[in-house]
Amino acid sequence: QVQVVESGGGLVQAGGSLRLSCVASGSTFRLNAAGWYRQVPGNLRESVAMISTEGSTNVFLDSVKGRFTISRDNAKNTVYLQMNNLRPEDTAVYYCNVDVTEGRLRRTVWGRGTQVTVSS
């Protein structure tokens, strides 16, 4: 089965940058659309950005538009989230969700998340 692992989180000062990676691995599969989400304890998980199979992108949060960019490397089955000019309110656990096709089965898979902490 396909597994998803996020990495690249950490502690950064306000104004700094991080690049999150989401790697999908497993036996024969096709990576379709993918998205990044974030969640603060006590709050609902919110959608940050999404990238389609063909590479078109959408950033959903007004607060991150112009600062966050989603991209993908199909050869590596990897999706990235470049985060610039980080703010303390960006502190959250960031999750990756991928849509994959394995044979005749199509499903979504969540990673376990990576913590991003932005200090003021």
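**Loop and strand contacts in an all-strand predicted model**

N85 lies in the loop between β8 and β9. The structure is a predicted model, in which local features need pLDDT of at least 70, side-chain atom pairs count only at pLDDT 80 or more, and totals for chains, interfaces and linings use all residues. Residues are numbered from 1 along each chain as its sequence is written, and side-chain values use heavy atoms, with hydrogens and water left out.

The phi of N85 is positive, at about 50 degrees, although N85 is not a glycine. Most residues other than glycine have a negative phi. N85 counts as partly exposed because its relative accessible area is 42%. The classes are buried (under 20% relative accessible area), exposed (over 50%) and partly exposed (in between), with a 1.4 Å probe and protein chains only. N77 also has a positive phi, near 50 degrees, and is a residue other than glycine. N77 sits in the loop between β7 (68-73) and β8 (78-83). Its relative accessibility is 22%, so N77 is partly exposed.

The backbone oxygen of N85 is 2.9 Å from a polar atom of the R67 side chain. R67 belongs to the loop between β6 (57-59) and β7. Along the chain, R67 and N85 are 18 residues apart; their C-alpha atoms are separated by 6.3 Å. A second backbone oxygen, that of S63, lies 2.8 Å from a polar atom of the R67 side chain. The R67 side chain also makes a polar contact of 2.8 Å with the side chain of D90. A polar contact is a pair of N or O atoms within 3.5 Å; within protein, one must be able to donate a hydrogen and the other to accept it, and residues adjacent in sequence count only if both atoms are side-chain atoms. R67 has a relative accessible area of 6% and is therefore buried. Neighbours within four places in sequence aside, R67 is in contact with Q82, M83, N84, N85, L86, R87 and D90. Contact here means heavy atoms within 4.5 Å.

D99 is placed in strand β9 (residues 92-102). Its relative accessible area is 16%, so D99 is buried. The side chains of D99 and R106 are joined by a polar contact of 2.7 Å. Residues up to four places away in sequence are not counted in the contact list of D99, which holds R30, L31, N32, A33, R106, R107 and T108.

R107 also appears among the contacts of Q1. Q1 is found in the segment before β1 (3-7). At a relative accessible area of 75%, Q1 is exposed. With neighbours within four places in sequence left aside, Q1 is in contact with S25, G26, E102 and R107. Q1 and S17 are 16 residues apart along the chain, and 33 Å separates their C-alpha atoms.

V23 is located in strand β3 (residues 18-25). V23 is partly exposed, with a relative accessible area of 33%. Its contacts, leaving aside neighbours within four places in sequence, are Q3, V4, V5, K76, N77 and T78. V23 and Y80 are 57 residues apart in sequence; C-alpha to C-alpha, they are 8.8 Å apart in space.

At the level of the protein chain, the secondary structure comprises zero helices and 11 strands. Helices (H or I, at least four residues) and strands (E, at least two) are DSSP runs numbered from the N terminus. The C-alpha trace spans about 50 × 25 × 25 Å along its principal axes. The radius of gyration is 14 Å, which agrees with the value near 14 Å for a compact globule of 120 residues. This radius is taken over C-alpha atoms, and the globule rule is 2.2 Å times the number of residues to the power 0.38.

Buried residues make up 42% of the 120 residues. Of the contacts with a separation of 6 or more, 55% are between residues 24 or more positions apart. The accessible surface is about 6,500 Å², with 46% belonging to carbon and sulfur atoms. Accessible areas follow the Shrake-Rupley method with a 1.4 Å probe; for residues, only the protein chains shown count as cover.

The chain has 13 positive and 9 negative side chains, and the centres of the two sets lie 4 Å apart. Lys and Arg count as positive and Asp and Glu as negative, while His and the chain ends are not counted. Each charge is placed at NZ of Lys, CZ of Arg, CG of Asp or CD of Glu.
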